[in-house]
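Please open the model in your viewer and keep the selection tool at hand. The stops below go from one selection to the next, with a note on what to look for at each.

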Amino acid sequence: MILQQLLNYGFLYIFLSSCIQACPESMQEGWKQLPLVERARKADLVAVGKAVEIHNDKLREINLKTGGFHLFRILKGYKITKKIYANNSDSLFYILGFGSPSLCYTHIVKDETYLLFAKFEPETMSLYVPWQNPFEGTAVPTIENEDEILSSQGWRSWSGWSSCSVSCSGGWESRTRICTTGNCDGFSTGQRPCNNYACDGVKNLLKHFKSVPRNSRSIPAPPMHRNALKINILGNLSVPTHQIFRKQFPQHFTMLAAAKYVNYTGGYLISFYDSQDRLQIGIKISKTSVALEYAQAGKRNQFLAFNVEVIDRKWHRFAFSVGNGLVSFYLDCEMIGTRNITQESYDQVDRRGNIYLNAKAEPPEQNENLEFYIEELSLSDDVRAGQKQCEFNDLFEQQEVLEGSGPELEYNWSQWTSCTKTCGADGVRRRVKMCTSTSLLTLPDECHAILQQSEEEPCNNKPCPGKCRQRCVNGFCAAKNRCKCNRNFYGANCQNKRASPCKQECTNGGRCLTYKGICRCAKGFAGRYCEKATCPSCQRGGVCVKPGVCTCRPGYIPPLCTPACRPSCMHKGVCIFPNKCHCRKGYSGYRCQYALCKKACLNGGVCYDNNKCNCKSGWTGNTCNIAICHPKCQNGGVCTFPNRCSCPNKTSGTYCQNVVTSVL
């Protein structure tokens with residue numbers, strides 16, 4: 001329907017088809033392609049998108065094509081895409097005016113991704129590639145090209161991603177960017193889902209190392225990562241393996257980490273050693289690669305290395321998933337590659353051994369300046385957890401609100417805990433989210449997840465009191481017989497209160513500026529007397545109820561009222577509306593829960609991932625079509641069924657191990 005509407009806008013085709021005559025003349029006049037920034041300035045829409053559909057114009061005798069694009073990132077024209085979606089409600093955006101390069105039109109190929117430059121016709125709500133200059137409707141979608149265009153609009157680079165809001169069961173991490181012109185096209189904040197794997201079967205390794213006493217120099221915690229463990233000593237930290245793994249180490253697992261390396265020459269992020277202090281398995285970090293190293297009985301240690309650089313002063317999320325005959329490595333929401341491995345390839349981890357953090361593969365260099373941070377380090381028995389560690393999702397988020405999408409999660413904050421200190425510095429108090437009784441009955445899984453979410457604030461940071469003969473009424477004893485008064489109080493015992501120049505008391509922690517007679521509000525509040533809460537961005541009809549907290553419409557979740565899919569989308573599917581997932585190629589189902597295999601999995605095998613079969617015991621191969629005999633068939637025998645050999649003439653036995661000799 002959308003495509004037919006676009007094809008009916010004949011006057012656009014008249015303009016576009018005129019290029020067929022004008023193009024050769026423009027080429028003869030010494031045509032030069034416009035720079036990217038100039039093309040972006042002239043375009044109404046600049047976006048990165050994949051050509052999902054290509055349609056020829058069958059209604060007119062002209063060589064024009066229309067492309068249907070799935071947009072990943074919008075660099076310019078957010079309001080335009082919002083209008084088009086509100087008018088058509090189609091997940092694809094159709095752009096007119098592509099064609100043959102021989103006629104100087106911009107050429108596109110199905111399933112290819114492009115950096116798109118389009119004009120907008122408001123009367124018909126249609127997009128078309130500009131015809132003033134040939135070949136300029138697309139460009140290569142590189143990071144450098146995108147940054148150049150965004151910079152020209154006044155955007156600075158994105159900050160790094162913040163900490164994930166929860167350690168498991170699905171949370172959010174955010175990033176920000178600054179607009180230098182004050183009038184940039186787009187949003188200054190971004191979010192993506194993280195740690196979207198179940199809490200069951202997850203071992204938080206890092207918390208055991210945080211409790212280990214250590215001597216270290218003081219390093220300020222990085223912004224947005226204040227709970228990270230700072231490592232700046234050459235020695236390693238160790239924990240007995242049985243302390244964490246009270247039962248057997250899992251055969252199939254995923255090791256997940258979030259770390260930032262500032263100064264580091266190489267070593268093991270995490271390593272498991274047996275009772276004789278021999279390495280069994282570990283994640284090895286070097287300047288040019290990240291590797292999974294494991295021991296094999298009677299053989300040298302094996303390395304499965306992936307050529308990536310993580311020692312670059314940036315936060316990275318990475319994971320190794322081991323299981324189903326494969327080792328998969330993920331870095332920053334992207335699967336870098338896979339390697340084949342069998343269960344027999346690595347030794348079972350010895351529970352009598354030790355687990356080391358920051359073990360050095362080589363003796364440390366003299367005066368080595370070591371500095372790195374670890375925020376997350378865990379092991380899950382789910383081999384798919386690496387896919388769910390974070391999801392890079394810059395798809396255009398539709399703004400239409402759907403009503404009646406199911407019950408909304410309701411929660412309250414618990415009371416603050418007691419402060420960890422009574423005075424001095426570094427006192428902290430905490431509180432957690434708790435479901436209401438209604439949500440606890442209707443949404444038990446979501447309630448379990450939000451119990452992982454907490455916040456903390458400093459407390460009791462005043463200097464510890466001295467000794468004063470008289471009590472400090474509105475202050476505290478700072479030294480012998482000397483009171484330090486609270487704000488707006490004075491006197492030997494802080495007994496007198498200064499008259500406020502503000503007509504009313506400043507609320508919510510606001511402070512009255514005596515020289516102006518107005519309130520300076522604390523962060524998160526506004527208004528004449530700081531009586532109003534403020535939120536950075538309550539989307540989709542959300543209402544700000546307290547600083548940074550939105551009350552969202554049904555089907556959307558705080559803090560920014562993003563769409564909620566319950567249960568969550570699987571296999572990197574994207575929740576685009578309440579309870580509606582957009583699936584990647586190779587998956588289907590309302591949750592993207594079904595993997596698709598082009599060739600059927602045989603002999604009881606199950607399709608568990610895109611074109612990947614999980615074979616029953618005794619079978620292997622891409623489609624589980626190869627039987628396994630252990631030990632192998634001998635004397636030319638062929639394994640035709642698990643542990644069943646077809647023997648040639650003059651041989652016998654279960655594995656054709658007997659040779660029949662002739663008796664004369």
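Begin by selecting the cysteines: 21 disulfides are counted, a disulfide being a pair of cysteine sulfur atoms within 2.5 Å. A disulfide is a covalent bond between the sulfur atoms of two cysteines. Before going further, note that this is a predicted model, in which local features need pLDDT of at least 70 and side-chain atom pairs count only at pLDDT 80 or more, while totals for chains, interfaces and linings use all residues. Residues are numbered from 1 along each chain as its sequence is written, and side-chain values use heavy atoms, with hydrogens and water left out.

**Three disulfides**

Select Cys-179 and Cys-184, whose sulfur atoms lie 2.0 Å apart in a disulfide; the angle about the S-S bond is 85°, and the link is right-handed. Accessibility is described here in three classes, with buried meaning under 20% relative accessible area, exposed over 50%, and partly exposed in between (1.4 Å probe, protein chains only). Cys-179, with a relative accessible area of 23%, is partly exposed, whereas Cys-184 counts as buried at 16%.

Move next to Cys-468 and Cys-477, which are joined by a disulfide with an S to S distance of 2.0 Å, and which form a right-handed link with 85° about the S-S bond. Here Cys-468 is partly exposed at 24% relative accessible area, and Cys-477 is buried at 8%.

For the third stop, select Cys-521 and Cys-530, where the disulfide has an S to S distance of 2.2 Å. Which hand does the disulfide of Cys-521 and Cys-530 have? The torsion about the S-S bond is about -95°, so this disulfide is left-handed. Cys-521 counts as partly exposed at 27% relative accessibility, while Cys-530 is buried at 0%.

**Strand E13 and its partners**

Now select residues 267-273, which make up strand E13, a mostly covered strand in which 7 of its 7 residues are buried. Strands (E, at least two residues) and helices (H or I, at least four residues) are DSSP runs, numbered from the N terminus, and two strands pair if DSSP finds at least two bridges between them.

Add residues 279-285, strand E14, which pairs with E13 in the antiparallel sense over 6 bridges; as a landmark, Ile-270 stands opposite Ile-283 in E14. E13 and E14 form a hairpin with 5 residues between them, and in the turn Asp-277 has a positive phi of about 60°. Then add residues 354-359, strand E20, which pairs with E13 in the antiparallel sense over 5 bridges, with Ile-355 in E20 as the bridge partner of Phe-272. In a regular strand the side chains alternate between the two faces of the sheet.

**Strand E21 and its partners**

Select residues 371-380 for strand E21, which is mostly covered, with 10 of its 10 residues buried. Three pairings can be followed from here. Strand E12 (residues 253-263) runs antiparallel to E21 and is joined to it by 9 bridges, and Leu-256 stands opposite Ser-378 in E21. Strand E10 (residues 229-231) is likewise antiparallel to E21, with 3 bridges, and Lys-230 stands opposite Tyr-373. Strand E9 (residues 202-204) also runs antiparallel to E21, again with 3 bridges, and the bridge partner of Val-202 in E21 is Ser-380.

**The largest cavity**

For the last stop, turn to enclosed space: a cavity is a set of points, on a 1 Å grid over the protein atoms alone, where a 1.4 Å probe fits but cannot get out, and its lining residues have an atom within 4 Å of a point. There are 2 cavities of 30 Å³ or more, and the largest has a volume of about 150 Å³, volume being the space filled by probe spheres set on the points, which are joined across faces, edges and corners. Select Gly-323, Ser-328, Val-383, Gln-387 and Tyr-608, which are the closest to the centre of the largest cavity among the 13 residues that line it. Strands E17 (315-323), E18 (326-331) and E41 (606-609) are the elements that give two or more residues to this lining.

Where does the largest cavity lie with respect to domain 2 and domain 3? It lies between them, because domain 2 (203-217 + 225-389) and domain 3 (597-627) both give residues to its lining; the domain bounds come from an automatic or database domain assignment.

Terms used:
1 Å grid on protein atoms, 1.4 Å probe; cavity = no way out; pocket = protein on both sides within 12 Å on 5 of 7 lines; lining within 4 Å.
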